[in-house]
Every structure is written in structure tokens, then in C-alpha cells.
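Dear colleague,

I am handing over the structure below, and I would be glad if you could look it through with the notes that follow.

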Amino acid sequence: MSEKLYTVGKIVNTHGIRGELKIVPETHFPDERFAKGSKLVFVHPEQGTQLPVTVEAAREQKNMFIIKFQGFTNINEVEKYKGWLLKVEEQYLSELPEDEYYYHEIIGCTVFTEEGEELGTISEILSPGANDVWTVKRPAGKPLLLPYIDDVVLNVDVNEKKVTVRLMEGLLDL
């Protein structure tokens, strides 16, 4: 497979005896990603072994998804996939509205102040509530937590992997 793959969930356990799997979603679009007929790929986290799969049925349960994939009918067939990642091929990613980004587009971006000072690299995205928070790994000191709001994030250039921010008072505790 030459397509780029993007993680949309992690297989954490089996569910019942009919071949269903418990998935922790790692996507803002679980309803779309796990819809019946969705084409996904199981990926072994270390070896990178891949197995294309198709969603037969899915339901949400306590911040997880219980998913049945076509071709699997009992627990013995799916048990070996515990701990594997669930990925989607780039071709199945939807166009996002302006000012919305996929995690993989933001993580790894270098962050600069509007004055041009380099602050560090975005290492993870947290979703604590009303808005996402981008964690910036700094060369020294504690990570910087940037709320993804218009007052702070001025410009995002995913092609250049560059984010320009305005530091509000209290954001940068050195």
C-alpha cells in the first residue's frame, strides 16, 4: 500500500464472542470513520503489518466504539488484533472547512510568535472541552499549552508546517 495512513483509533479489546472489537477513537469524525461500509486498515504498532478491513456495524459505548468488521464472526478471529491501530487511507480523508485541520497536519508544526521568535514544535493536541489545546514542546522549560482560539492562533500553514501565534499574558510562564 503506497497510500499514507492516518490513525483513527486503537483496538483495545474484544467485545463479546461474535468478533466485535472495542476501539478508542482518535478522530474528530468517529461517526464518519466508523460508519457501515467504511474501509479502514488494521496496523500492527511495531511490525507495521497491515490488514484492510471494512466496517459492518458500529455503536458508541462509554467514549469507545464497539465495531464489527466484515469477515470476522467470533472472538478467536479478532483476539490477536488487540493493541493494533486502526487507520484510514489518505484518499478517504474528507476536505475540511477552512480553519479546521487534521491532527497529523498540526502535529510537528513549528510555532513562531508574530514577532518571528521560534517557540517550539507542536507535539500533541488535547481536547479538554470547548476548544482544542495544542501542546508545544520547547527546547527548554515546560511545554507551552496554546488554546486553539482566534486570539492566539493567528495563522496556520500546513504546507510549510508553520504556525504563528500571539502570546496572551499568562500563556508563557518561563
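Before the notes begin, one term is needed: a residue is called buried when its relative accessible area is under 20%, and exposed when that area is over 50%. Please also keep in mind that this is a predicted model.

The part to start with is the span of residues 7-90, which UniProt lists, in an unreviewed entry, as "domain: RimM N-terminal". The C-alpha atoms at the two ends of residues 7-90 lie 10 Å apart, and the span is 51% strand and 10% helix.

As for the sheet, six strands form a closed barrel in the order β1-β2-β5-β4-β3-β6, and their pairing is antiparallel. On average, neighbouring strands of this sheet are turned by 50° against each other, if direction is ignored. Strand β1 (residues 5-15) is joined to strand β2 (residues 20-25) by six bridges, the two running antiparallel, and within this pairing Thr14 stands opposite Leu21 of β2.

Strand β6 deserves a closer look. β6 pairs with β1 in the antiparallel sense over five bridges, with Lys87 of β6 as the bridge partner of Thr7, and β6 also pairs with β3, again antiparallel, over three bridges, where Phe42 stands opposite Leu86. Because five of the five residues of β6 are buried, this strand is largely enclosed by the rest of the structure. The cover extends to both faces, with Leu85, Lys87 and Glu89 buried on one side and Leu86 and Val88 buried on the other.

Turning to the aromatic residues, a search of the whole structure finds seven aromatic pairs. One of them is formed by Phe42 and Tyr81, a tilted pair with 4.9 Å from centre to centre and 50° between the planes. This pair links distant parts of the chain, since Phe42 belongs to strand β3 (residues 39-43) while Tyr81 lies in the loop between α2 (75-78) and β6 (85-89), 39 residues apart. Phe42 counts as buried because its relative accessibility is 0%, and Tyr81 counts as buried because its relative accessibility is 9%. Tyr81 also forms an edge-to-face pair with Phe72, at 5.9 Å from centre to centre and with 70° between the planes, and both Phe72 and Tyr81 are buried. Ring pairs link Phe42, Phe69, Phe72, Tyr81 and Trp84 into a cluster.

A separate contact involves Lys162, which lies over the face of Phe112 at 5.0 Å from the ring centre.

With best regards

How values were computed
Residues are numbered from 1 along each chain as its sequence is written. This is a predicted model: local features need pLDDT of at least 70, side-chain atom pairs count only at pLDDT 80 or more; totals for chains, interfaces and linings use all residues. Side-chain values use heavy atoms; hydrogens and water are left out. UniProt positions are given in the numbering used here, feature names are shortened, and annotations may be inferred rather than shown by experiment. Helices (H or I, at least four residues) and strands (E, at least two) are DSSP runs, numbered from the N terminus. Two strands pair if DSSP finds at least two bridges between them. Axes are lines fitted to C-alpha atoms, for helices over the stretch in contact, and angles run from 0 to 180 degrees between N-to-C directions. Rings of Phe, Tyr and Trp (its six-membered ring) pair if their centres lie within 6.5 Å; planes under 30 degrees apart count as stacked, over 60 as edge-to-face and the rest as tilted. Buried means under 20% relative accessible area, exposed over 50%, partly exposed in between (1.4 Å probe, protein chains only). A charge sits over a ring if NZ of Lys or CZ of Arg is within 6 Å of the ring centre and within 35 degrees of the ring normal.
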